[in-house]
Amino acid sequence: MGERAAVLRERKVDGLRASSNTLEDCLTKDSQCSSETKYYTWDEIAQHNKKKDSWLVVEGKVYDVSSWALRHPGGIDVITSYAGQDASEPFRAFHPDLEVVKKYLPTFYIGELKDQPGSSEKARPHHNTALLEDFKQLRDQVRKQGFYKVKWWFYVGMLAHILALEAISWSIMSYFGPSWPIIFLCGAILATAQAQAGWLQHDFGHLSVFKNSKWNHLMHSFVIGHLKAASRTWWNW
Ligand code: HEM
């Protein structure tokens, strides 16, 4: 068997082992480790810092996303900008529904970080631990203050007033017929609706309204596709 086939088989075995675990197991414990587990230093990882050769570290685990980065649902640029580095923070920040990401992780897992985060500061490609700690504290603080809690009535209100503005504009135009003042008035109402829909699609596009990713995608498609007449794939590319 060729070396590549052996590596792929090994990863698949690791992947199957990992997929039976919880996500926290997947990300934090040594659940994917076996006697065959490879360990990489920051020096080795930092060499894989290109678009076509990108390794990432997420909470002490090393992932090779080189062949998949182009198909990453969040786009190639965002994922490869962390090539050769620790991507734990943005990884947590950008994937609110970790159950979805969990399905992908085992495929790209190639081993463990030899120097656990914090244990060998000088070896890390970017020693920004103090900054990350500040961000973590800020995040914990705003979470405690309730800013991460989604207020469903806000989003219902957003959608309702956008639909209402569209309906009002359509009704005025069909009742009074096209004339310059009516065109300007309806244009202003529609422009307001479009601007508001832009904010709404933003929040769905960043998967931040529903806990379940599918609902965010569905509502994103509706708002950007049907209300704004744009392709939802523009959002990430
Ligand atoms: C092994 C590494 C990674 C895997 C397997 C992965 C996988 C995924 C998956 C499956 C989604 C779709 C999520 C959904 O539909 O619920 C996604 C979206 C996304 N990912 Fe990743 N990702 C990885 C690393 C990263 C990193 C390091 C970043 C940022 C630096 C990132 C940024 C994003 C963004 C921005 C989105 C779109 C969601 C949004 O805009 O809020 N990803 N990723």
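A residue counts as buried here if 20 or more other C-beta atoms lie within 10 Å of its own, as exposed if 12 or fewer do, and as partly exposed in between, with the C-beta atoms placed from the backbone. By that rule, 21% of the 237 residues in the chain are buried. Keep in mind that this is a predicted model, in which local features need pLDDT of at least 70 and side-chain atom pairs count only at pLDDT 80 or more, while totals for chains, interfaces and linings use all residues. Residues are numbered from 1 along each chain as its sequence is written.

**The overall picture**

The chain has 11 helices and 6 strands. These are DSSP runs numbered from the N terminus, with helices (H or I) of at least four residues and strands (E) of at least two. Two residues are in contact if their C-beta atoms, placed from the backbone, lie within 7 Å. Of the contacts with a separation of 6 or more, 65% join residues 24 or more positions apart.

**Two nonpolar cores**

A nonpolar core is a set of buried Ala, Val, Leu, Ile, Met, Phe, Trp, Tyr and Cys residues joined through C-beta atoms within 7 Å. The largest one has 20 residues, and Leu56, Val57, Val62 and Tyr63 have the most contacts inside it. At least two residues of this core come from each of helix H3 (42–46), strand S3 (53–58), strand S4 (61–64), helix H7 (105–108) and strand S6 (109–113). The top contributor is S3, with 4 residues. Leaving aside residues up to four places away in sequence, Tyr63 touches Trp55, Leu56, Val58, Leu105, Phe108, Tyr109 and Ile110. Apart from this core lies another, of 8 residues, including Ile162, Leu200, Phe204 and Ile224.

**Around the ligand**

The ligand is surrounded by 25 residues, and the closest are Gly74, Ala87, Pro90, Phe94 and Ser213. A residue belongs to this shell if its C-beta atom, placed from the backbone, lies within 6 Å of the ligand. The shell divides into 17 nonpolar, 7 polar and 1 charged residues. In this count Ala, Val, Leu, Ile, Met, Phe, Trp, Tyr, Cys and Pro are nonpolar, Asp, Glu, Lys and Arg are charged, and the others, Gly among them, are polar.

Helix H4 (76–80), helix H5 (88–94), helix H6 (98–102) and H7 each supply at least two shell residues, and H5 gives the most, with 3 residues. Domain 1 (3–144) and domain 2 (152–236) both contribute to the shell, so the ligand lies between them. The domain bounds come from an automatic or database domain assignment.

Gly74 sits in the loop between S4 and H4. It is partly exposed, with 16 other C-beta atoms within 10 Å. Gly74 and Phe94 are 20 residues apart in sequence, yet their C-alpha atoms are 8.6 Å apart in space. Not counting residues up to four places away in sequence, Gly74 touches Ile79, Phe94 and Asn236.

In helix H4 you will also find Thr80, which counts as buried because it has 21 C-beta neighbours inside 10 Å. With residues up to four places away in sequence set aside, Thr80 touches Lys51, Ser54 and Ala69.

**Two helices to look at side by side**

The expected span of a helix is 1.5 Å times one less than its number of residues. Helix H10 (residues 180–205) has 26 residues and should span 38 Å; its end C-alpha atoms are 36 Å apart, which agrees. Helix H8 (residues 129–144), with 16 residues, reaches 22 Å from its first C-alpha to its last, close to the 22 Å expected.

In H10 the buried residues are Ala193, Ala197, Leu200, Gln201, Phe204 and Gly205. An α-helix has 3.6 residues a turn, so residues three or four places apart point the same way. Helix H9 (152–176) and helix H11 (213–227) are among the elements covering the buried residues of H10. H8, in turn, is hardly covered: the count of buried residues among its 16 residues is 0.

**Positive phi angles**

Here are four residues with a positive phi, and where each is found.

| Residue | Place | Phi |
|---|---|---|
| Glu59 | loop between S3 and S4 | about 45° |
| Gly146 | just after H8 | about 90° |
| Leu207 | just after H10 | about 55° |
| Ala229 | segment after H11 | near 55° |

Glu59 is partly exposed, with 18 other C-beta atoms within 10 Å, whereas Ala229 is exposed, with 8.
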